[in-house]
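Welcome! Please take a moment to look over the sequence and the 3D view below, and then we will walk through them together, one chain at a time.

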Amino acid sequence: MSKINFRFPKITFWRVILFVILTAGFYATVLRFTKGLSATTNLSARFPWGIWIGFDVMCGVALAAGGFTVSAVVYIFHIEKYHPIIRPAILTAFLGYLLVCVGLVFDLGRPYNIWHPLIMWNPHSVMFEVGWCVTLYSTVLALEFSPLVLEKLRWRRPLKIVKGATVPLVILGVLLSTMHQSSLGTLYLIVPHKLHALWYSPLLPVFFFISAIALGCAMTIFESYLSLRAFRKGIEFELLNKLGLVAAVALFVYLVLKVFDMDGRGVLGLAIQPTYEGRMFMAEMLLGVIGPIVMLLIPRVRNNQFGLFVAALMVVLGFVMNRINVAITGMDRSSGVNYFPSWTELAVTASIVAAGFLLFGLAVKYLDVFSRDEMDNITRGKRSELPVLAAFRQPLWSATTLALLIGLVFMGATVALSYDGVRRRVPAPEPAAENGDVNISAALGELRVPGDVAIKMGESSPGLVIFSHARHVATAKPNCNGCHSSQFRMLSSSADISPGKKMQRCGQCHDGIKAISTTNKELCDSCHTRH
Amino acid sequence: MGVQNLKPKALLFDSTRCIGCGACYDACKEKNKLPQTAVNFLRDDLSADALTVVNRRNNRYIRRMCMNCEEPTCVSVCPVAALTKSPEGPVSYDASKCMGCRYCMQACPFNIPQYEWDNPITPRVRKCDMCRDRVTAGLQTACASVCPTGATKFGGREELIEEARTRIRNNPGRYVDHVYGVTEVGGTSVLLLADVSFETLGYRTDLLQEPLPQLTWNVLHKLPKIVGVGGVLMSGIWWITKRRDEVQRAEREERLRGKHQ
């Protein structure tokens, strides 16, 4: 006799966190699509790309690095030992691209036009290439992932077709993914005047590409480690070891190239200057490149599961830092605004990431992501209480916590390294604020008296006459009517200066009684000389 | 109409002639049907509803507006070709193509394009398009047509560059000996003259003197080759490693068979 047994999900720490994040994300989503980007983001014309591009897109693409690395190793180089981790790697890559696509739906002003690059071509645009890469590679990943679903549905024929197309798909996937990794760097080649010299380089696409290789290895180690912990069984440790070495070599090449490139451009000195950018750069290089190289080159660390995992995690986090530095830190100074994501931007990003975790959990539960034997071993003991996330909740709890802790340490170290820099950072001089009478947003806030008025005369005049309001009236409590008639409505902010009322604006005073009339053309010349 | 109109047009802004009356600002608002955005127009900044502004810098009046570059960065970066440069000079925008990626804003070396941030569904990129409709119809831009002092002048680009140089030559000591926009980022359709350094007026003087689109095209045009070579290379590796495995397997079987016999 079957008994429908509805049990309220057990309240656990992670579920509460998940619930809070998703609720905040839902609220932010509603806000985004009803009130617009201005209500949800801290973006502005001076800072048009924020964390949704800097993290969701740049790092979502990076998650796929594990996918293309492993599938290339297995299918193209025929190193079959890595087969067990190919499915989780592809699943992660697929989720990464989902993160990118969902992030783009939030960030694009007109997301319903996201397909336009497919028919409206501009091959000169890097974004055009990125758009095509995202589309094609998402499709490839979906196809690579589809066997898991097709197996469950027992659709033999499509399964056969997809499996038959695996090698061309993998080759296409590797090409697209590497192209995509580097083209995200190419994206920034067009802003030589905006991106800080520590990150701007003609070699940006090369740097993005090499760091993606290192990241691919690190992600694979990371994923294998998680599956190792989750299922007490994984691939042979020795293989991960080798991947660690490959990552170290890639990082070393990256480091050498970076140093030579910066030396060639004469900006090596900027790295050690106590500026905000200098500190962020040093943090990125020390924690994400030099640190892992050293760790991976020490056999005792590399041969230790935990040591290898930490090094891989550092590579991943260093990579994320690099992308965020390029997208946000490096653009900060030239923009003249201090961009920091609003809580709604962060909530959306966090929700997408949380949804990714949730989907991973669901996929592990319902699809054969890990091989069946391993799954059976896991679930046999506690099938009765298998909730949505059980498959990777219990054994993974420690690993996830560990990852979060290391992430926190990483962030803490970064903040500590850059703290002095943040404090000392001189706000970029706002060019618009010169003379105090140009920046409208600042001016509207403090609009008590107008700025200086220049009374400019012709060539016969001895020079410019500047009338300073600030020197003639008390700025705290100006009495405008001392000079201007009471009809002068500057302060009420209701002065009608719309185009059609052009003459009225001057004509309010220049009516022939209070001041010379605007209608008497000859009198105009008494102030305005003709060139 | 005809060949005459296809000659690239431009605007010459001579800040020594500007008296800050705001007629261009008003004319632009009227022509583009834009709402009021500032109590004091001199304090206004570029926004989705203010496509040109008159500001005071260093005791002079200056105008800010789209420079309508000769080889526009925004046109090159737009993934859907929503931005186009017409032969007459204007760089204009087609909202129906736009997907809102804002790469144009990110890439513009002059920080010109603005965005309708408040619009949740159909935001547009906004910028001066040098009155494309008027210019293609053979008229001058709205701002130039109302300028009382001739500070903003409309004309053929070549002629205006010549005129700007003549003004510098005929008025020794009055101008900085530089026509801004002749070579900046490969040339712009808005040319500037001033009597103090352009930097103090808020114009960037550290810009590259060549068109920016070249920076990305240098990489992009190599892509087909990289894809081709990469594809062949990987197919090759796939074939070789597959063959190697097959040979190894065959040899192993042979050896086993040899032992059994």
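Let us begin with how chain A is held together. Among its contacts between residues at least 6 apart in sequence, 73% join residues at least 24 apart. Please keep in mind that this is a predicted model. Chain A contains 22 helices and two strands, and 41% of its 531 residues count as buried.

**Two helices of chain A**

Two helices are worth finding in your viewer: α5(A), which covers residues 86-107, and α9(A), which covers residues 166-186. How do the spans of their end C-alpha atoms agree with a rise of 1.5 Å a residue? The table sets out the values.

| Helix | Residues in helix | Expected span | Distance between end C-alpha atoms | Buried residues |
|---|---|---|---|---|
| α5(A) | 22 residues | 32 Å | 31 Å | 19 of 22 residues |
| α9(A) | 21 residues | 30 Å | 29 Å | 17 of 21 residues |

For α5(A), the end C-alpha atoms are 31 Å apart where 32 Å is expected, which agrees. For α9(A), the distance is 29 Å against an expected 30 Å, and this agrees as well. Burial can be read from the table too. With 19 of its 22 residues buried, α5(A) is largely enclosed by the rest of the structure. The helix α9(A) is also largely enclosed, because 17 of its 21 residues are buried. When you look along a helix, it helps to know that an α-helix has 3.6 residues a turn, so residues three or four places apart point the same way.

**Where the chains meet**

Now bring chain B into view. How many residues of chain A are in contact with chain B? There are 67 of them, and they touch 71 residues of chain B. On the chain A side, the elements that give two or more residues are α1 (13-35), α2 (37-40), α6 (116-119), α7 (126-153), α9 (166-186) and α19 (440-445). The largest share, six residues, comes from α9(A). By type, the residues on this side of chain A divide into 39 nonpolar, 20 polar and eight charged.

**The outline of chain B**

Chain B has nine helices and nine strands. Its radius of gyration is 27 Å, well over the 18 Å that the globule rule gives for 261 residues, so chain B is more spread out than a compact globule. Along the principal axes, its C-alpha atoms fill a box of roughly 105 × 45 × 40 Å. The domain assignment gives domain 1 (3-216) and domain 2 (222-260), and the C-alpha centres of these two domains lie 60 Å apart.

Of the 261 residues of chain B, 49% count as buried. Among the contacts of chain B with a separation of 6 or more, 61% come from residues 24 or more positions apart.

**Strand β1(B) and its partners**

A good strand to start with is β1(B), residues 9-14: six of its six residues are buried, so it is largely enclosed by the rest of the structure. B:Lys9, B:Leu11 and B:Phe13 point one way, while B:Ala10, B:Leu12 and B:Asp14 point the other way.

Which strands pair with β1(B)? One is β8(B), residues 152-156, which pairs with β1(B) in the antiparallel sense over five bridges. Here B:Leu11 has B:Phe154 as its bridge partner. Another is β9(B), residues 190-193, which runs parallel to β1(B) and is joined to it by four bridges. In this pairing, B:Leu12 stands opposite B:Leu191.

**A hairpin in chain B**

Finally, look for β2(B), residues 53-57, and β3(B), residues 60-64. These strands pair in the antiparallel sense over five bridges, with B:Arg57 opposite B:Arg60. Two residues lie between the strands of this hairpin, and B:Asn58 takes a positive phi near 50 degrees.

Both strands are well covered in the sense of burial: five of the five residues of β2(B) are buried, and so are four of the five residues of β3(B). On β2(B), B:Val53, B:Asn55 and B:Arg57 lie on one side, with B:Val54 and B:Arg56 on the other, and both faces are covered.

Key: Residues are numbered from 1 along each chain as its sequence is written. Chains are lettered from A and ligands numbered from 1 in the order in which they are written. This is a predicted model: local features need pLDDT of at least 70, side-chain atom pairs count only at pLDDT 80 or more; totals for chains, interfaces and linings use all residues. Two residues are in contact if their C-beta atoms, placed from the backbone, lie within 7 Å. Ala, Val, Leu, Ile, Met, Phe, Trp, Tyr, Cys and Pro count as nonpolar, Asp, Glu, Lys and Arg as charged, and the others, Gly among them, as polar. A residue is buried if 20 or more other C-beta atoms lie within 10 Å of its own, exposed if 12 or fewer, and partly exposed in between; C-beta atoms are placed from the backbone. Domain bounds come from an automatic or database domain assignment. The expected span of a helix is 1.5 Å times one less than its number of residues. Two strands pair if DSSP finds at least two bridges between them. The radius of gyration is taken over C-alpha atoms; the globule rule is 2.2 Å times the number of residues to the power 0.38.
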